[in-house]
Structure formats: C-alpha cells, structure tokens
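This report describes how parts of one protein chain are arranged. Look through the sequence and the structure below before reading on.

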Amino acid sequence: MGMDRMIESFGDQVAEGWALGQRIEVPGAHSRINVIGMGGSALPGEFLASFAGDITVNLHRDYGYSGRLGDGLNICISYSGNTEETLDAFSEIVREGRPCIAISSGGKLIGLAKRDNIPYVQVRNDLVPRLALPLLSSVLLSICSRLNMVNLSDGEANYIAGKINASETRRIAEPIAGHLKGKIPLFYASSRNAVLATVGKIAVNENSKTQAFCNVFPELNHNEMNGFEVMNGSFAAVMIMDSEDHERNIRRMALTKKMLEGKSIPVYGLQLPAGPRLYKLISGVQSLYWLSYMLAGMYGVDAVNVPAVEQFKNEL
C-alpha cells in the first residue's frame, strides 16, 4: 500500500482499532496506564495523554522495566512485534507478574503473549508503524473506555471515524508543505497538543528524510526562543493552533510568531478543526502526514522505507 493510501485510511483505522479494543479481555481495574514502545509504536501513548489529560499515562521507551513506572496496566506496543527494547521490557513485566496487554501486527510479541497467556490485540500488518497511529491509538482508547478512564462511546468513536476528511486535511497541508522545502521545520503546539508537534517532527524525519524539531508552549518561551539570536540554519515554523487552547498560550503563539518573523523566520499556521477532541487530533495528525508526504515528493525521496534505521538495526 502506498503512503497516500495509508494516510487516506485514517478514518477506517479509527473504526477498526476501536472495534478491536472492545473485544479484548481487560485484566482488572486500573487507575493509570503504562505504555511501553519505541518510535511510531510509542506515539499512541502520547496520543492518549493528549486526548485524556485527566488520567495518568506513563511512557517507557527503553530496555528493561523493573516496575519503574509503578502500578498500572502495562500496554506493550510494537507494530512489527519485533522491537527488541519492547520485547525485553515485556519479558520483564511478565516475569514480575504485572498486568499486561500486548498490541502488535504479529512477530515475536504476539508469539510471546500467546505462550504466556497474556491478552493481546493483533492488528492488520499492511501499514508502516508511524502510519498506524490512528489504529493503535484507537485500540488504546477503546481499552481505556472499558476501564472507564475515557468517556467515549461506540457511537461517538464511529461517528468521528466517518467524519475524518482526507481531502480537507490534504488541502490544509498543501500550502504549508510548499513553503518548507529547503527549510528546517520547527513544529510548535500547546502542551495539550504536544503529540501533534511530535508527529510533525517524526513525520518529516522519517518520511521527508530531513531534519525537523518540535517544542511546546509555554515551555519554549522559557528557553528555545533564546536560541534564535545566533542563526545557524534556515528555519520555518509551523504553529499548530487550536481555538480551545488556554488563552495565554494563544497569546504566546501570537507574540512568538511576531518575534520569529522579526528574525526573518517564516511562520505558518496549521489550524485544527472545531469538533470533538478525537476528531481534532486525528485530523491534525492526518494533515501533518500529508505535509511530510508532499515534502518527500519535493525532495525526491522514498517516503515509506527508512533505510537508515534498517541499516542501523543490522549493524546493531
């Protein structure tokens, strides 16, 4: 499947992931979620934290575990099922008898979950991990709804899945992408939308094969804004704007835009649509992936494959 088709499938992924999460046996009652994963398979944890700011979501992106995240439901995510750091942590979680669910398209993780009688969700395997974010995040949200940690119903999830408009999100992304060639993109969002800034950076790194960086308001006004006194690159900022952000962060974005433009750094706004929180986040993710896909085309690079990562794994 080409990357354009993967991006277009985001609405279907939401519906599919939600349904899968409703079928799994959820072990026990929990007040917090620990997400274990790497790369694109860790992003669902960030997505959950951005969606439901009133629950505790801890992320573990490393080898080992030893209960360092404390009590809670441990959800190990590896889209391929073969991520060595996640497999290492999973084995330790199982050995310590901690509650756990595995999410993967197959590979060693599903095999281990079957062997150890750990509940698991097996998702489709025709995507690349970073483009499976709506699928994996919807599984996670669905599981959390079963635990009464997320207030989202079947009807609401399926309504939002049908509302995702790939043509509209592409229309939003296209003019921004056209200005980013030859620039180092800086993706800025409020802290409540931090996952979107992270997605923008990762999408450009992996799809467009070039440098990109991200940060959040208000934190960046306490450090990063000082870094434009001495210019060592050609930058362009993408402000991810949300009408529901804190009014002071909206003010901070406007003032930061003015400051950056005063340093001859162009600033482009990516406005999130009005509507339910899940719709807003998935639409933002879709726009950012369109942006990176278009930029890859401008640079003449393969947006799907990541040869640098594969070569590194082979040498490791």
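## Where two helices touch

This is a predicted model. In it, Gly11, Val14, Ala15, Trp18 and Gln22 of helix 2 are in contact with Asp154, Ala157, Asn158 and Ala161 of helix 7. Sorted by character, the residues of this contact are five nonpolar, three polar and one charged.

## How the two helices are oriented

Helix 2 covers residues 10–23, and helix 7 covers residues 154–163. Their axes lie 7 Å apart, and the packing angle is about 160°. Angles over 145 degrees count as roughly antiparallel, and therefore helix 2 and helix 7 are roughly antiparallel to each other.

The handedness of the pair can also be stated: the crossing of helix 2 past helix 7 is left-handed.

## The sheet

The model also has an open sheet made of five strands. Their order across the sheet is 2-1-3-4-5, and the pairing is parallel. Which strands form the edges? They are strand 2, at residues 56–60, and strand 5, at residues 120–122. Each of these edge strands pairs on one side only. From one strand to the next, the twist averages 20°.

## One strand pair in detail

Strand 3 spans residues 73–78 and strand 4 spans residues 100–104. The two run parallel and are joined by five bridges. Which residue of strand 4 is the bridge partner of Cys76? The partner is Ala102.

Note on methods
Residues numbered from 1 in each chain as written. Predicted model: local features only at pLDDT ≥ 70, side-chain atom pairs only at ≥ 80, totals over all residues. Heavy atoms only, no water. Pairing = 2+ DSSP bridges. Helix = DSSP H or I, 4+ residues; strand = E, 2+ residues; numbered from the N terminus. Axes fitted to C-alpha atoms, helices over the stretch in contact; angles between N-to-C directions. Parallel < 35°, antiparallel > 145°, perpendicular 65-115°, else oblique. Left-handed = near helix turned anticlockwise from the far one by under 90°. Contact = heavy atoms within 4.5 Å. Nonpolar A, V, L, I, M, F, W, Y, C, P; charged D, E, K, R; others polar.
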